[in-house]
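This report walks through one protein chain, from its domains to its ligand and then to a pair of helices. Please keep the sequence and the structure in view while reading.

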Amino acid sequence: DCVVYWMRMEDMRIRDNRALALASAQALKAGVPLLVLFVLSPQDFIAHDRSSRRIDFTLRNLRCIRDDLAKLNIPLHTVSHVSRKKIPGAVHDLLLQWNASHLFGNIEYEVDELRRDIALCELAQVHGKVACIFLHDKCIVPPGDVRTKDGRGYTVYSPFLRVWAPVLEKASSHHLDEAPLPQANDRSVHNHVTFGSLFKTEVPKEVEGYGLSVEDQARISTFWPAGEDAADQMLYRFLNTAARSTQFGAVDPLSKGASEADPTKKSRLAKYKDARDRMDADTTSRLSPYLAAGVISARACVREALKASGKKKLDVSRDTGVGRWIQELAWRDFYTHIVALFPRVSMGRPFQEKYADVQWETNPEHLQAWKDGRTGVPIVDAAMRQARTMGWMHNRARMIAAMYLVKDLMIDWRLGEKYFMETLIDGDLASNNGGWQWSASTGVDPAPYFRIFNPYTQSQKTDPGGEYIRHFVPELSKVRGPEVHNPPAGVADKLGYPRPLVDHKEARERAIRRYKNIGAK
Ligand code: FAD
């Protein structure tokens, strides 16, 4: 007999994990061992456009988890399953083989994942052997708990936040409570005859088709070390240390000195309100890969941020660093709630259905130039090259690059959404889709279609000295002064840097015309 916790790609941690904590409590109560299951499904990876970097990160985290669980005598069983449709049946078979009484998991809100879990619950019900329990864990406030007076979900962020914060603050709310650590199994479990022969504790070195080159593997794992301790260090770095002005990710963020607090300087958190949009400085937390894979809980981020800033009460004010940062975590909740409440957004549909018919350009050369960071607009190219180099982008970089693809090149936002998922290490359907539909003006609470970023103005505001551009676009590294934001044709030609693919002013007018046509229908 045993109790099983099914860990997924979005909750890869042992600390502060609701389903794992409850599974452990159940195992303790019943006096049976706790086992952990992980299913690697290449078809899932294809369906979600998962990047090789994310899969590599998953495997690296899985190894950390296996080792940490082993210290608690909790075995981790990893299976690779090709057919995603057959996963519920395969998991149920395993549960029967192990004679499991209970299965616990944290909910994944994407439509296929919900269907998968429902199929498993139905199978378990028919056979009547295993109780399946799925819990809310990803969000700080779970989907369904932030409602309008007539019981509906919010589709605009500000009113959402006005209800989200009081729900979190309610005295009776346990949303920020830390889930207890799992208890260790009895020592004999590891050597148990039944489990011993059935268990596959080896984590594969790579998943076929998702390998990284040796060079990419080394670089990405330096930027994004795996494991809960690394995530905690990243959080510590943000909460307690100051940004060095010209550091924007060219070095390992955990390298020398990065995690040592300097009491003479204001921390990144304290400066976040004013400095968060600066692309030329490393001012944000860089926790998105860890939050997307669940290596750290969003609850822990809020608890620690409040503690570090000496706050006894929740702060979501626009006027403080901590308040502003918690607002960003609330955006993450907001977009996840949207995916849970409006499944069409995870099916490639625009949230605002009327924009399903925008007239897009089909231009493979332009799309490729955007991916390669060779559009001739330096800030866009720096952003796209940051994605290739680090598997991560600054939020402003994402907004500028996304808006440029959709409004300047007039290319379908879904192609950009897919490319980000395939390239970034923190790809998260809800936040990525939310960001893209914001930029495309098709989403919940989007940028109005006529408010189109001027990439050159954005460049001057967010990278005033041009350091970010010079770093990521080496052709321009020797261009001094403001010319770096928009090099004259002669300079660009000499340096082998491309001329702009389109004229921004004309492109802007074209986009407004096409969106307006739809609006008039
Ligand atoms: P911080 O500024 O330190 O913020 C802390 C955390 O809050 C982030 O780690 C993230 O979990 C959350 N957060 C911050 N901003 C947002 C936001 N706008 N929407 C939702 N959550 C937010 N974020 C992802 O995690 N995965 C994605 O795939 C993703 N795709 C995006 C695509 C586009 C087109 C845009 C405009 C934004 C996207 N974002 C995505 C949101 C945001 O850009 C990143 O979360 C952020 O840049 C990560 O850096 P950070 O961890 O230093 O953020």
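The domain assignment divides the protein into domain 1 (1-137), domain 2 (218-341) and domain 3 (345-520), with bounds that come from an automatic or database domain assignment. The model is a predicted one, in which local features need pLDDT of at least 70 and side-chain atom pairs count only at pLDDT 80 or more, while totals for chains, interfaces and linings use all residues. Residues are numbered from 1 along each chain as its sequence is written.

**Domain 1 and domain 3**

Taken over C-alpha atoms, the centres of domain 1 and domain 3 are separated by 38 Å. Nine residues from domain 1 and eleven residues from domain 3 take part in the contact, where two residues are in contact if their C-beta atoms, placed from the backbone, lie within 7 Å. On the side of domain 1 that touches domain 3, the largest share, three residues, comes from helix 3 (residues 52-71); helices (H or I, at least four residues) and strands (E, at least two) are DSSP runs, numbered from the N terminus.

**The ligand**

Which residues are closest to the ligand? Among the 29 residues that surround the ligand, the closest are T284, S285, N395, N432 and G435, and a residue counts as near a molecule if its C-beta atom, placed from the backbone, lies within 6 Å of it. Helix 11 (288-292), helix 13 (321-341), helix 16 (395-408) and helix 18 (429-439) are the elements that give two or more residues to this shell, and helix 18 gives the most, with six residues. Domain 2 and domain 3 each supply at least three residues to the shell.

**Helix 6 and helix 13**

The axes of helix 6 (residues 157-169) and helix 13 come within 10 Å and cross at roughly 105°, so helix 6 is roughly perpendicular to helix 13, a term used for angles of 65 to 115 degrees. Axes are lines fitted to C-alpha atoms, for helices over the stretch in contact, and the angles run from 0 to 180 degrees between N-to-C directions. In this contact, Y157, F160, L161 and W164 of helix 6 meet Q327, A330, W331, D333 and F334 of helix 13.

**Residue classes**

Ala, Val, Leu, Ile, Met, Phe, Trp, Tyr, Cys and Pro count as nonpolar, Asp, Glu, Lys and Arg as charged, and the others, Gly among them, as polar.

| Set of residues | Nonpolar | Polar | Charged |
|---|---|---|---|
| Side of domain 1 that touches domain 3 | two residues | two residues | five residues |
| Shell around the ligand | eleven residues | eleven residues | seven residues |
| Contact of helix 6 with helix 13 | seven residues | one residue | one residue |

Note on methods. Parallel < 35°, antiparallel > 145°, perpendicular 65-115°, else oblique.
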